[in-house]
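Reader: Could you take me through one part of this model up close? I'd like to hear how the packing and the ring pairs look there.

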Amino acid sequence: MTISRDIPLPTLPRRRGTVGWRLRRAASTTAVLALAAAGVAATGAGAEIIKKEDMMRGITTTRVQCAATAQTLWLNVDKQDFCVRYYLSTAGGEGTRPVVFLQGDYPATVNVRTWQWIPTAKDKNASVTYDPTDQGDVNTDDLMKMADAFSKMAKTTAIYLARMGVGGTSGNHVFRKTLLELHLMNAALDAIKRSYGFEGFHLAGQSGGSTLVTALAGTRRDIACAVSGSGRLATSHDTSSEDPARTGIDTLGFIPSIAQNRSLRFIMVTDSADRTVPAKQQTPFVEKMRRAGRDIPQYFVTATDDYHHGVVGYTELVTAGCVLGKSDADIGTAVGTMVKRNAAYNGQRRKEIALFGKDGIASPHPSADPRTAPGGQARTGGKPT
């Protein structure tokens, strides 16, 4: 795996408010960050719409186009060129170890024998494990807002790292959760680390992004916190292919490395009613980690979507608690507060649906409260409460 030497210098978005420097940093790193912060406006006016059709067929970007786009990396991985796009926020603070968020799979099911999309009409998972009508175009301003949310919650730098073939990163997303995507995300972290002078990273993932988070946490030694949200971590994959684009990531194979790395704090977030990635495909990872000599927390939560799969708000909260050095018990109390609020929302929503039907007016989705401070009892060990 090689990385191009002449990677364009990444740029930071302009802050949406005045945030003072929180850390004493090396003069060179400070200069890069300060200069970059003044260079790019992260506002709705600069938003770009990435079409679903483009993501379905695979995104192709030239080196010239990549260099002309802010916050991009031109990388050569496994003998292929990629333009990796990322969205960096300092909305909540700045630090030398940013939170990197990896979103879930998009937008349909892949036939891993043919490496083609399964048409929605023939997809047995459609409307069963996910809503196919909820997979549309992507507004890059929304990705920036997600980076902002992680930054505000964790009070440090945060990065939304766009996965292969989606969010502006080139490539074909049918090869998601393969060794090719793992190598690409790993190379992107190396390039970002080198360009900004970061010490390392905290990682957070949702669903398919959690597969990458787990593999990266088992591969690298500069990860402090790694949080898996709704991650299918307890299934093995065939790794016999010599083609990294057709070799799935075997998360179970990274258990020994994760268990032995005592500087890494690995945490899982699970909704026991998850229809997309059932708890039985998550919890065994905790049990196997324990047998490997390492207990890891698993927080059972209540998501607010119909498939009980979207746990990003919880993942933000748990990641922030880890970054801020809170105990498992403290994080558990904060999670419990959010669970109660979301349970109340779900109850009200069910009443409204019964009264007005699915197309009626529903209560607004409760957003993660950035003022919530971790404090109280944790729920660990894979036992729902």
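**Helix 5 and the rings around it**

Author: Let's start with a ring: phenylalanine 198 is buried, at a relative accessible area of 5%. Keep in mind that this is a predicted model. Its partner, phenylalanine 201, is buried too, with a relative accessible area of 0%. The two ring centres sit 6.3 Å apart with the planes at 70 degrees, so this pair counts as edge-to-face.

Seven aromatic pairs turn up across the whole structure. One of them, tryptophan 115 with phenylalanine 175, is tilted, with 5.6 Å between centres and 35 degrees between planes. Phenylalanine 175 is in the loop between strand 10 and helix 5, while tryptophan 115 is in the loop between strands 7 and 8, so the pair ties together parts 60 residues apart in sequence. Tryptophan 115 is buried at 12% relative accessible area, and phenylalanine 175 is buried at 15%.

Now for helix 5 itself. The largest nonpolar core has 55 residues, and Leu75, Leu161, Ile192, Phe266 and Phe285 touch the most other members. Helix 5, residues 179-196, gives the most to this core: ten residues. Beyond its sequence neighbours within four places, leucine 161 has contacts that include Met185, Ala188, Leu189 and Ile192.

Helix 5 also packs on helix 6 (residues 208-219), at about 65 degrees and with the axes 10 Å apart. The crossing is right-handed. Glu181, Leu182, Met185, Asn186 and Leu189 of helix 5 meet Leu212, Ala215 and Leu216 of helix 6. By class, that contact has six nonpolar residues, one polar and one charged.

Key: Residues numbered from 1 in each chain as written. Predicted model: local features only at pLDDT ≥ 70, side-chain atom pairs only at ≥ 80, totals over all residues. Heavy atoms only, no water. Core = buried A, V, L, I, M, F, W, Y, C linked by side-chain atoms within 4.5 Å. Buried < 20%, exposed > 50% of the residue type's maximum accessible area, 1.4 Å probe, protein only. Helix = DSSP H or I, 4+ residues; strand = E, 2+ residues; numbered from the N terminus. Contact = heavy atoms within 4.5 Å. Axes fitted to C-alpha atoms, helices over the stretch in contact; angles between N-to-C directions. Left-handed = near helix turned anticlockwise from the far one by under 90°. Nonpolar A, V, L, I, M, F, W, Y, C, P; charged D, E, K, R; others polar. Phe/Tyr/Trp six-rings, centres within 6.5 Å; stacked < 30°, edge-to-face > 60°.
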